[in-house]
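Subject: Structure for you to look at

Dear colleague,

I am passing on the structure we spoke about, and below it you will find my notes on what turned up when I went through it. Please read them with the model open beside you.

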Amino acid sequence: MNIFQILTPLTYWVLVGLWLFILGFLLRRLWSTRFQKSLLNMLMIILAIDALRTVFESIYFGIRFSSKSGFLPAGIYDVLVRPEIIVVPKMLNVVAAIVMIAILLYRWFPAEKRDRELQERTIKERTRELKEREEWLRLSTETANVAVWEYDLIKNRMARSQNHEALYGLEPHEIWTKDDFMKAVHPEDREFASGTIDRSIATGGPDDFHFDYRTLWPDHSEHWLSLSGRITARNKEGVATRMRGCLMDITERKQAEEELKKSGERFRSFMEHTDEGLFLYEMPGGIPTDLPVEEQIRLLYAGAFVECNNAQARMYGFIQSNELIGKTLMDIHGSMDIPENIEMFTAWIENNYRISGAVSREVDCDGKTVWFSNNINGVVENNRLIRVWGTQIDITQQKLAEEALRESEQKARFMAKLLMDSDQPVAVGFADGRLGQLNPAFCALTGYTEEELRTIDWGTALTPPEWLPMEQEALVQLERTDEPVRYEKEYIRKDGTRVPVELFVHLARDANGDPDYYYAFITDITELKRARVDVLKEKNRLQFALEVSRMGAWDLRVADLSSHRTRMHDHIFGYEVPVPDWTYEIFLEHVLPEDREAVDHNFKNAITRGDDWNFECRIQRADGEIRWIWAVGRPGNSADGKEQLIVGVVQDITERKKTELELKESYNLLEARVEERTAELKLRRDEAEALNRGMINLLKDLKETNQGLESTKRALRTTNKELEAFSYSVSHDLRAPLRHIDGFIELLLKREKDRLDATSSRYLNTIAQSSNRMGRLIDDLLAFSRTNRSEMHMSTVDMNAVIRAVVHDLSTVTEDRRIEWKIETLPSVNGDKSLLRQVWENLIGNAVKYTGNCEEACIEIGTTNEGDKRVFFIRDNGAGFDPQYTGKLFGVFQRLHRDDEFEGTGIGLATARRIVLRHRGKIWAEGKVDRGAAFYFTLHGAE
């Protein structure tokens, strides 16, 4: 036996030992997996039998065919020394058989003991796991506000988790039945809940059921619950006998769903009512983002609109959104060659498919060019641009406005230079007497330098005292109507001389609508004054000439043959009182028939050829007397050039005709005298014609003035309509948010009142008080605006009845106070009753409010006289005011006390002042701090 014969079997035995270790480890793992006993035992028996068979067979064949081995039997020798013959092919089966037999012996004899220990361990593990799951389930249900339950229909008893009654706002009950459940359900949902459960309980009903319902808590608050259940047992007839399920509070979810629904409705309303266009644009198959920019833009034009609002459709010239859906950019633009759009899409792609405020030039369905401001976002998935969404705003008018603004700025610069270089004096003045911008012509007019003018008071230094009341009245009218006023006065120049001027004054207001400054165009009317004197002299001469010559002036409208005349004209035709309407036909009726044709022929020539209408004829006066008249007229146009007129004069020449007949009879004797008389008459006629032309010019000026008044009246009607629309918008758009704020604050206080600390409650109350004050402010503003627009209904107003009604309405405020009322008997007035009541409500309400800190308040109402005018007054002994701030009392939002002292909006006195001014009266106040206040006002027409 050499070294190799010794190492070879040792190597094999080492390998066998390693295999046995691995086999034992695997058997241990197999044992711990708890296979089914019967299957494992059968498998081990089969393996053991096969292993024994292999052992006996190996020993048998080893003894039989082995070589002599000395003192050991040949079979044993081969096993020990030659393992490659026996161990390698058979050893695994032998060892497996031994192990399996040992396991069988171990399992057969002590099986009951091991099974009991195994069962105990299993029960302990299952019990621990069950407790852990029960604890986990309890924590989960309490955390999630979920209750679990099981209901026995036979016993009418329900087992439930601890928090079950808390979901109904109730204290825990010992027993819970179906009646208890139905009582906890909201009365309006009981029929629905009972029917759903009964359908599942009935034979053939569904095992699972789920529904939501409301419950009414003891504090009368509504809560939503979600009930899910399953039938777990039925009797032989199929009727349910047991069910289980869970209950969950879904109040917050329901509220969230309701808010989400309202939010969705608001969003849909926003989409349909906003002027901003909203759209969704998709490309079939998407656009690869790695393509060149030009190719992406080309494919983008082939997409289509899939969603948009009506505003978007209107921006492209359509009416409804469905008219735009399905159209491509190529359909809209008609071409890809619009440079502004290509530039915008290029920047959009390079900016990762996002762009904001980009301007594009579009074409609507009528082919008209429009401009849009775009906010566009692209959606990219898997490196493909699949859709585009965004908003568009029509800025066409803005573009046009920008262009107009550029032109306007150029014009403004031109006009500014023109005003500075103009000979027309222009100046800006403030209400406190300061002068603002002015041009050199104004300096030249007043004789002051620009630096000197900025240091003087235009109201006192430039204007003589006798002109101040008239100027103040004109400025009050300007502030009331916002219509420019034109008036004349005098300026005191630096050297003390006076210069007559005409001012055309405009008013500029600040952002709050209060007067900011005046700007005026001033004209030196020194020459005009002289001319007026000359014209007045000429007019007097003309009037005197007409009266002396007993001539009547007239003008005839060719369009309708109506006429305007002087009183003398109608007197010539025999009327002591002027005829209301005079026409050419009435004139012809007075002309004697034998002269009528010639007169009418001359009239037609004057119209068609523009000849002077100069004729003599006989007329029959209204009293039947036959008289001769002479008339002359000249065709022309009205001041605006739209109407054709004939203006002239008429004279009773009966006496002249008689004189002419007498002269004719003595013509030969008195020819020289006749010529002289004729020349004199011709001279008078020329003077009359000159005077007539002057009258025509005056009549033209009068007509232009009437036309200007008509234009002003139309503008005022338009302004009133705009103010009414604005008032409606303010009333609707400002009130709705305030109602939402009040409602949600009330809900929040009701819901969270037990959890809010004092500071949070104070904050919410402060918000509610501010909202209420805003509401009162809106009401006062609307009342203030309506006082100047509402139509006045004039009637005789009993002021005593009005005051009694106002004091009675304030009784709820004054019932706990000591107020001494001193009310005189007041006269009746002619005015608008509702507006005058509003005046007394504001004045008496102020007196009650500002005497609130007085232990014994005294309010006196009465009248006094100021010259020939009756003055109404109201006095109190309240907080009063500083006299230096009297001018601010009647301004909008002007208040002399803090809100924490006396509440108010600062509009009441402004409203009273506007109403008094509409009654052609005035209002003023007197007072001292802590010594009371008195308010006085006059009304036109007090009896």
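Let me begin with one pair in the sheet: Ser 360 stands opposite Phe 372, which belongs to strand 9. Please keep in mind throughout that this is a predicted model. The pair sits where strand 8 and strand 9 (residues 369-381) run antiparallel, joined by nine bridges.

These two strands are part of an open sheet of five strands, in the order 7-6-10-9-8, with antiparallel pairing. Strand 7 (304-308) and strand 8 (354-363) are at the edges, and because each has a single partner strand, one side of each is left without a neighbour in the sheet. On average, and with direction ignored, neighbouring strands of the sheet are turned by 35° against each other.

Two helices lie across this sheet. Helix 9 (residues 293-300) crosses strand 6 (277-288) and strand 10 (384-394), and runs at about 120° to strand 6, whereas helix 12 (residues 339-350) lies across strand 8, strand 9 and strand 10, running at about 160° to strand 8.

At the end of strand 7 there is a cysteine that you may want to look at, since you will probably ask about disulfides. Cys 308 is buried, with a relative accessible area of 2%, and among the residues that touch Ser 321 are Cys 308, Asn 309, Asn 310 and Ala 313, leaving aside residues up to four places away in sequence. Ser 321 itself is found in the loop between helix 10 (310-315) and helix 11 (329-333), and at a relative accessible area of 16% Ser 321 is buried as well, because the limit for that word is under 20%.

How many disulfides does the model contain? The count comes to zero, where a disulfide would need two cysteine sulfur atoms within 2.5 Å. Cys 854 serves as an example: the closest cysteine sulfur, in Cys 858, is 9.8 Å from the sulfur of Cys 854, and therefore too far for a bond. Cys 854 counts as partly exposed, at 23% relative accessibility.

A smaller element is the hairpin formed by strand 11 and strand 12, with five residues between them, and in its turn Gly 433 has a positive phi of about 100°. Strand 11 (residues 426-429) and strand 12 (residues 435-438) pair in the antiparallel sense over two bridges, and Ala 427 has Leu 438 of strand 12 as its bridge partner.

Positive phi values also occur in residues other than glycine. For Asn 156 phi is near 55°; this residue is placed in the loop between strand 1 (146-152) and strand 2 (157-160), and at 26% relative accessibility Asn 156 counts as partly exposed. His 220 has a positive phi of about 70° and lies in the loop between strand 3 (208-216) and strand 4 (222-234), where His 220 is exposed, with a relative accessible area of 66%.

Finally, a word on confidence. The chain has a mean pLDDT of 76, and 71% of its residues reach 70 or more. Confidence is lowest in helix 3 (residues 74-81), with a mean of 50, and highest in strand 28 (residues 933-938), at 91. Over residues 32-39 the pLDDT is below 50, and this stretch has four contacts in the model beyond near neighbours in sequence. Residues 60-75 also stay under 50, with twelve contacts beyond four places in sequence. Where pLDDT is low, the predicted coordinates should not be read in detail.

With best wishes

Definitions and conventions. Residues numbered from 1 in each chain as written. Predicted model: local features only at pLDDT ≥ 70, side-chain atom pairs only at ≥ 80, totals over all residues. Heavy atoms only, no water. Helix = DSSP H or I, 4+ residues; strand = E, 2+ residues; numbered from the N terminus. Buried < 20%, exposed > 50% of the residue type's maximum accessible area, 1.4 Å probe, protein only. Contact = heavy atoms within 4.5 Å. Pairing = 2+ DSSP bridges. Axes fitted to C-alpha atoms, helices over the stretch in contact; angles between N-to-C directions. pLDDT = per-residue confidence, 0-100.
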